[in-house]
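Please look through the structure below before reading on, and keep it in view while the paragraphs lead from its helices to its sheets, its spaces and its backbone.

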Amino acid sequence: MIQHLDVDGVPTLLAATGGPMHAGLTFRVGAADETLSRSGVTHLIEHLALAPLGLADYHVNGATAQAFTTFHTQGSETDIAAFLTAVSGHLRELPVARLDVEKEILRTEWSSRGAAAVDDIPLWRHGARDYGLTSYPEWGLGALTADDLREWAARWFTRENAVLWIAGDRVPAGLRLSLPTGTRQPVPVASSALPQMPAYFVNGSRAVVLDSVVRRRVAATVFAGVLEREMYRSLRQDTGLSYTTTTGYEPRGDGYATLRALADALPEKQDAVLGGFIDVLAKMRVGRIEQADLDATIAKREDFLGIAEVDAARLSSYALNVLTGEPNLSVDEHRAELKAVDLDDLHEVTEEVMASALLMVPGGLSADWAGFVAAPTRSTEILQGTTYQSKEGNAALRVGVDGVTLLQSDNPLTVRYDDCSAMLVWPDGARQLIGSDAIVLHIEPTLFDLHPAVLPAIDAKVPDDRQVAMPTRAPDAIPQPAAVRQPAQPATSTWWEIPALVLSGMGIALVGGLSVLLTLAMLLTETEPGEEQLWGAVVVLWLLTVILALPIVKLWRRRRR
């Protein structure tokens, strides 16, 4: 059983384990609680809380997710007490002396992390806000001050907004959680940047990914397992199109969960994988779900519920439910709900999946043919204002009192000032406005005939706390308009050109004249080619004339360039 206790005002969960003692301190705060222009504040506090601990002799870790931040440790009872006591103390009194160092570490962490196939999905579904922020760099790091961090920690890292969970037979002796007093914070409301669903977008990844939002319930977790079995059989076993076929189910804390499915593909097989992937979904949508897959998935979940360490294994997810107010089922209750899931329940989940589906397809492909609508990449609103033409003539920038519109062929982009999640500001004058719907509008002053007052006017309209200072760019990184081709100037003469022209001309006149006279004489006297050898001399003279003319032609062409 999982016991409910209290340690220094922090709700505490305790479950027995036969293995090493481990524990976690989880807070209801994450990246989705931030804004794009100040993103990274929670992650930075997590790093600061761990930094003074240095290199520990036991396992310690911290993780910042979309809606939760957890500090985890495994070791002896003494080690766990020391770790959790130190972390809570650092959260109350942040070690801001390491602020600049930890900022650089986080920038390095971001630049060195590998791109995952699902990285862009949050911004396509949610935009540049709440749950979509994990798709963006932590642009807020540079402007964050010690006072900003203290204010954030005082609001979010409190005893009322935390849950302590321990896999062990008791609370470690000497453990103290000196967290400030606060209030339990609700999970952020999930936004949507999709006007229609099911939708799709094109990505450079070689994988096909389905992202959907479903009601949180046991039937949805079972559906994820059944879908994975069907994908494995159809896309790997039967056709050999994919190597990796996997699904995932993650509760969001607001009564809903994210359900994803992924299938990878070789470049030459991407269209076939996309077709097979959609065929699997269509098959399940019409109710063609194998009872054997349902039975196997339920049996696998029951095996997990039957292990001796089941309560200890559930602690971390159990703690999240405590933080969000979601119900926690006992093992018996969970087992009973599993057994109640039938094929009709799975068909119902399939309908939910398709109604909220966002499909990521490889480059060059589309999913219109399967009933998916392309996610918006352009703005429907075009603002009024002063128009400035591109120096290359292929676009125009319209700056108004409410925002900015970039007019380019049939793909206008608009960001309103009151809906701007962040504006990146470069010292050379470049600006990048990012709307809450994830529309990105980039302004390069070198490419437009802008009035000097335009950029200051835009800066004045976007609130200071949404502006992000960017580092100076190298000169060759600043785009320039295509160069206008100028007519080449005639080449200047060198000292040898005039004498060469004179000598060549004299030679041509002498040899060419002799060639003409000799040819005419032979033609008038009706000399036969086979009777006289003079024809050979004529040919030689004409070849010599051509050779003497070559320098003149070469010099003439050089002076024309």
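The crossing of H6 and H8 is right-handed. This is a predicted model, and the geometry described here is computed from its coordinates. The axes of H6 and helix H8, which covers residues 291-305, come within 9 Å of each other and cross at roughly 125°. That angle makes H6 oblique to H8, since angles under 35 degrees count as roughly parallel, those over 145 as roughly antiparallel, those from 65 to 115 as roughly perpendicular, and the rest as oblique.

H6 also packs against helix H7, which is made of residues 270-285, at an angle of about 135° and with the two axes 10 Å apart. H6 and H7 are therefore oblique to each other, and the crossing of H6 and H7 is right-handed.

From this helix packing one can turn to the enclosed space in the model. Rolling a probe the size of a water molecule over the atoms shows where empty space is left. How many cavities of 30 Å³ or more does a search of the whole structure find? The search finds 1 such cavity, and the volume of the largest cavity is about 30 Å³. Its lining consists of Val226, Glu230, Arg233, Met284, Arg288, Ile289, Glu290 and Asp293. Helix H6, residues 218-238, gives the largest share of this lining, with 3 residues. Sorted by class, the lining of the largest cavity holds 3 nonpolar residues, no polar ones and 5 charged ones.

The sheets come next. Strands of a sheet pair through backbone hydrogen bonds, either parallel or antiparallel. In one open sheet, 6 strands follow the order E9-E10-E8-E11-E7-E12, and their pairing is mixed. At the edges of this sheet are strand E9 (245-251) and strand E12 (373-374), each of which pairs on one side only. Within the sheet, strand E8, residues 207-215, and strand E10, residues 256-264, run antiparallel and are joined by 9 bridges. A reader who wishes to locate this pairing residue by residue can start from Val214, whose bridge partner in E10 is Ala257.

Another open sheet has 4 strands in the order E13-E14-E15-E16, and here the pairing is antiparallel. Its edge strands are strand E13 (386-389) and strand E16 (413-416), each pairing on one side only, while the twist from one strand to the next averages 15°. E13 pairs with strand E14, residues 396-399, in the antiparallel sense over 4 bridges, and Gln389 has Ala396 in E14 as its bridge partner.

Edge strand E16 also leads to an open space, for the second largest pocket takes the largest share of its lining, 3 residues, from E16. About 460 Å³ of space lies in this second largest pocket. Of the 22 residues that line the second largest pocket, Pro376, Arg378, Ser379, Asp437 and Ile439 are the closest to its centre. Helix H4 (121-126) and E16 are the elements that give two or more residues to this lining. By class, the lining of the second largest pocket comprises 11 nonpolar, 6 polar and 5 charged residues.

Two details of the backbone remain. Most residues other than glycine have a negative phi, and most peptide bonds are trans. Against that background, which peptide bond is cis? The bond from Met197 to Pro198 is cis, with omega near 5°, and Pro198 has its place in the loop between strand E6 (162-167) and strand E7 (199-203). The other detail concerns Asp8, a residue other than glycine with a positive phi, near 55°. Asp8 lies in the loop between strand E1 (3-7) and strand E2 (10-15).

Technical notes. Residues numbered from 1 in each chain as written. Predicted model: local features only at pLDDT ≥ 70, side-chain atom pairs only at ≥ 80, totals over all residues. Heavy atoms only, no water. 1 Å grid on protein atoms, 1.4 Å probe; cavity = no way out; pocket = protein on both sides within 12 Å on 5 of 7 lines; lining within 4 Å. Points joined across faces, edges and corners; volume = space filled by probe spheres on them. Nonpolar A, V, L, I, M, F, W, Y, C, P; charged D, E, K, R; others polar. Pairing = 2+ DSSP bridges. Axes fitted to C-alpha atoms, helices over the stretch in contact; angles between N-to-C directions. Left-handed = near helix turned anticlockwise from the far one by under 90°.
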